[in-house]
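I opened this structure to get my bearings, and these are my notes as I went along.

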Amino acid sequence: MAETMKKAFVVGHPIAHSRSPKIHGHWLARYGIAGSYEAIDVAPSDFAAFLEGLAENGYRGGNVTIPHKEAAFALAARRDRAAEEIGAVNTLWFEDGTLWGGNTDGHGFAANLDDQVPGWAANGPAVVLGAGGASRAVIQALKQRGVRDIRIVNRTLARARELADRFGAGVTAHAVEATGELLADAGLLINTTALGMHGNEGLPADPAGLPDHAIVTDIVYVPLETPLLAAARARGLKAADGLGMLLHQAVPGFERWFGARPEVSPELRRMIVADIKAPGVQSDAQRTL
Ligand code: ATR
């Protein structure tokens, strides 16, 4: 019955390539919940009106993706701590009639590493390549998990400095030329730049300069194995792909809208991997943000 149907969405522009409907659709079926999760394309000029109509249209909430994350941050009536720290909102829900905005990207990043490389947060200094929106979510997660020495490297140094100022103690900004020196005693290397993505084949940093215990991760999930991860594995380092970040960032939203904490199971991962590799599927690089 329409009245009892729990409704959620992912809103973006464009939105056709989002895998979120597949993830939430899998969970709705898996847990036998009478709910729907639909992809909605909304142009930036219509986004505020879209949010105003949510309750009226029967939505319990939804996900927000490019280019609406900053607008959702500005328009949500209340925001959780992660959203405040990151400065963007990727998950919306109602509490007592009030529209809340949260950010689960940092949670997705950390939970993915918990799965693939347990103990990662104790591995020592982290080098974060890039200073965009993805970098913010990563730094929020690193700080939240107690990493005390976070080194941001970015082509445009001023953007790295902005983030270092934003996140404060323990977070420093560096020019690309310093990368070799910064990697020499690092335990974590995280790529959030567009380098290594489709049409951008260069390595964002050379894992050869890392210590033997280092862990390397890339937030990209198409392709699953980026040139950086391949180079890290060839060097004998532990490497974690970015697909789990996409899967895990979806968990808190599903729980809020549909009332069950869903599992990121091997079956779900296999399903999304098969979709990524399906013939005819867009092969351009993709990541959670
Ligand atoms: P997002 O919000 O998805 O993180 P973004 O804000 O566009 O995306 O940030 C992209 C990051 O990739 C930035 O750190 C960018 O560096 P600049 O701040 O100097 O632009 C980095 N990046 C993109 N293309 C790059 C390239 N060819 N070489 C090095 N860094 C690159």
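**Helix H7.** I looked at the outward side of H7 to begin with: Glu162 and Asp165 are exposed there. This is a predicted model, so I'm reading everything here as a prediction. Then I turned H7 (residues 157-167) over and found its buried residues, which are Ala160, Leu163, Ala164 and Phe167. Looking down the axis of H7, I see these buried residues fall within an arc of 100 degrees, so they line one face of the helix. That fits the textbook spacing: an α-helix has 3.6 residues a turn, so residues three or four places apart point the same way.

What do the buried residues of H7 pack against? I found two helices, H4 (81-86) and H6 (133-144), and two strands, S8 (150-153) and S9 (171-174). Just past the end of H7 I noted Gly168, with a positive phi of about 75 degrees.

**The sheet.** Next I traced an open sheet of six strands, and I wrote the order down as S9-S8-S7-S10-S11-S13, with parallel pairing. Why is one side of S9 and of S13 left without a neighbour in the sheet? S9 and S13 (238-240) stand at the edges with a single partner strand each, so there is nothing in the sheet on the other side. I got an average twist of 20 degrees from one strand to the next.

I then went through some of the pairs. S7 and S10 are parallel and share four bridges, and in this pair Ala126 stands opposite Leu188 of S10. S10 and S11 also run parallel, joined by four bridges, and here Leu188 stands opposite Ile215 of S11. So much for Leu188, which I met on both counts. S11 (residues 215-218) is joined to S13 by three bridges, again in parallel, and Val216 has Ala239 of S13 as its bridge partner.

Are the residues I checked in S10 buried or exposed? Leu188 and Ile190 point one way, Leu189 and Asn191 point the other way, and all are buried. I remembered the general pattern: in a regular strand the side chains alternate between the two faces of the sheet.

**Helices across the sheet.** I saw H6 lying across S7 (126-129), S8, S9 and S10 (188-191), at about 165 degrees to S7. H9 (residues 227-234) lies across S10, S11 and S13, and runs at about 165 degrees to S11.

**H1 and H12.** I checked how H1 (residues 20-30) meets H12 (residues 266-277): they pack at an angle of about 145 degrees, and their axes are 11 Å apart. The crossing is right-handed. On the H1 side the contact is made by Lys22, Ile23, His26 and Trp27, and on the H12 side by Glu267, Leu268, Met271, Ile272 and Asp275. Sorted by class, I get five nonpolar, one polar and three charged residues.

**Odd spots in the loops.** Where are the cis peptide bonds I noted? One joins Ile66 and Pro67, with omega about 5 degrees, and Pro67 sits in the loop between S3 (59-64) and H3 (69-75). Another joins Val222 and Pro223, with omega about 0 degrees; I found Pro223 in the loop between S12 (220-222) and H9.

My last stop was Asp96, in the loop between S5 (91-95) and S6 (98-102). Its phi is near 50 degrees, a positive value in a residue other than glycine. Asp96 counts as exposed because its relative accessibility is 83%, and the cut-off for exposed is over 50%.

Notes:
Residues are numbered from 1 along each chain as its sequence is written. This is a predicted model: local features need pLDDT of at least 70, side-chain atom pairs count only at pLDDT 80 or more; totals for chains, interfaces and linings use all residues. Side-chain values use heavy atoms; hydrogens and water are left out. Buried means under 20% relative accessible area, exposed over 50%, partly exposed in between (1.4 Å probe, protein chains only). The arc is that of the directions from the helix axis to the C-beta atoms. Contact means heavy atoms within 4.5 Å. Axes are lines fitted to C-alpha atoms, for helices over the stretch in contact, and angles run from 0 to 180 degrees between N-to-C directions. A crossing is left-handed if the near helix is turned anticlockwise from the far one by less than a right angle, and right-handed if clockwise. Ala, Val, Leu, Ile, Met, Phe, Trp, Tyr, Cys and Pro count as nonpolar, Asp, Glu, Lys and Arg as charged, and the others, Gly among them, as polar. Two strands pair if DSSP finds at least two bridges between them.
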